[in-house]
Amino acid sequence: MSSLLEVSGVSVSFDGFKAINNLTFQIGEAEMRAVIGPNGAGKTTFMDIVTGKTRPDEGRVLWGDKSQSLLSMSESQIAQAGVGRKFQRPTVFEDQTVAENLMLALKKKRSPLAVLGFRASRADHTRVAELADEIGLSAALDRKSGELSHGQKQWLEIGMLLAQEPKLLLVDEPAAGMTPAEREHTTDILVEAAKTRAVVVVEHDMEFVRRLNCKVTVLHEGSVLAEGSIDHVTSDEAVIEVYLGR
């Protein structure tokens with residue numbers, strides 16, 4: 001399987017503290033991966049490096065079949081190349097409806113003139129309806145986003161990212177603060193998304209990770225401690241020691 005993203009030998013220090021230490025990671029084009037690890041393991045810094053927010057001190061971050069270096073690209077160029085990121089707190093336009101939020105997020109030319117002259121086509125409306133269906137918000141299209149539950153706002157934000165047609169979706173703790181039913185629906189959305197793109201889920205909730213039923217990468221002190229199925233990593237002595245606790 002060809003890699004979509006390949007991180008090799010990456011290190012970064014903040015004030016002498018090695019947040020990422022010789023990290024190597026790769027993911028294929030349509031693959032789900034869970035990244036777990038204790039606080040301070042480097043999970044957020046890893047996402048910051050992939051999205052161009054943080055520049056590593058050394059190492060390579062290669063993207064796509066042409067192996068472009070993400071390190072030579074700006075944050076906006078990386079986003080345009082197909083890397084989408086969802087942070088822990090949902091950021092949606094609260095005064096706009098669900099439909100309007102999805103419409104705003106569609107992959108379009110972003111020049112000032114193009115934005116001013118934008119008129120939604122029939123295809124745009126169809127795409128918005130498809131996205132709403134994908135995230136389970138078809139019945140809420142005309143509702144203001146500020147009225148949605150926490151879980152629904154999370155789904156809307158995932159929908160807004162999917163609207164940009166990313167090749168890689170980085171999702172930070174999607175299950176936090178959700179009801180069991182919402183968590184289950186979030187699992188379904190992410191599993192479906194991973195059929196057509198790479199999805200990396202950073203998560204603390206082990207039950208949620210188990211339901212994703214995918215390969216798991218365990219980070220510790222900025223490098224990979226273990227990798228494999230959830231059963232494989234949770235029975236690994238080193239993982240039990242640093243993460244799961246005796």
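**Figure 1. Backbone conformation of E165, just after helix α6.** In this predicted model, E165 follows directly after α6 and adopts a positive phi of about 55°. The residue is not a glycine, although its phi is positive. E165 lies in the loop between α6 and β7 (168-172). With a relative accessibility of 46%, E165 counts as partly exposed, because this value falls between the limits of 20% for buried and 50% for exposed residues.

**Figure 2. Helix α6 within the predicted structure.** Helix α6 comprises 14 residues, 150-163. From its first C-alpha to its last, α6 reaches 20 Å, close to the 20 Å expected at 1.5 Å a residue. Of the 14 residues of α6, 13 are buried, so the helix is largely enclosed by the rest of the structure.

**Figure 3. Crossing of helices α5 and α6.** The axis of α5 (residues 122-135) comes within 9 Å of that of α6, and the two cross at roughly 135°. This angle makes α5 oblique to α6. The crossing is right-handed. Helix α5 contributes R127, L131, E134 and I135 to the contact, and α6 contributes W155, L156, G159, L162 and A163. Six of these contact residues are nonpolar, one is polar and two are charged.

**Figure 4. Surroundings of A163 in helix α6.** A163 has a relative accessibility of 0% and therefore counts as buried. Leaving aside residues up to four places away in sequence, A163 touches L102, A105, L106, K107 and L131. Among these, L102 and A105 also belong to the buried residues of helix α3, while L131 is one of the α5 residues that make the contact with α6. The C-alpha atom of A163 is separated by 40 Å from that of G16, which lies 147 residues away along the chain.

**Figure 5. Buried residues of helix α3 and their cover.** Helix α3 spans residues 98-105, and its buried residues are V98, N101, L102, M103 and A105. The elements that cover these buried residues include α5 and α6. In general, residues three or four places apart in an α-helix point the same way, because there are 3.6 residues a turn.

**Figure 6. Backbone conformation of N22 in strand β2.** Strand β2 covers residues 17-28, and N22 is found in this strand. N22 has a positive phi of about 55° although it is not a glycine. A positive phi of about 55° is also found at E165, which is placed in the loop between α6 and β7.

Key:
Residues numbered from 1 in each chain as written. Predicted model: local features only at pLDDT ≥ 70, side-chain atom pairs only at ≥ 80, totals over all residues. Heavy atoms only, no water. Helix = DSSP H or I, 4+ residues; strand = E, 2+ residues; numbered from the N terminus. Expected span 1.5 Å × (residues − 1). Buried < 20%, exposed > 50% of the residue type's maximum accessible area, 1.4 Å probe, protein only. Axes fitted to C-alpha atoms, helices over the stretch in contact; angles between N-to-C directions. Parallel < 35°, antiparallel > 145°, perpendicular 65-115°, else oblique. Left-handed = near helix turned anticlockwise from the far one by under 90°. Contact = heavy atoms within 4.5 Å. Nonpolar A, V, L, I, M, F, W, Y, C, P; charged D, E, K, R; others polar.
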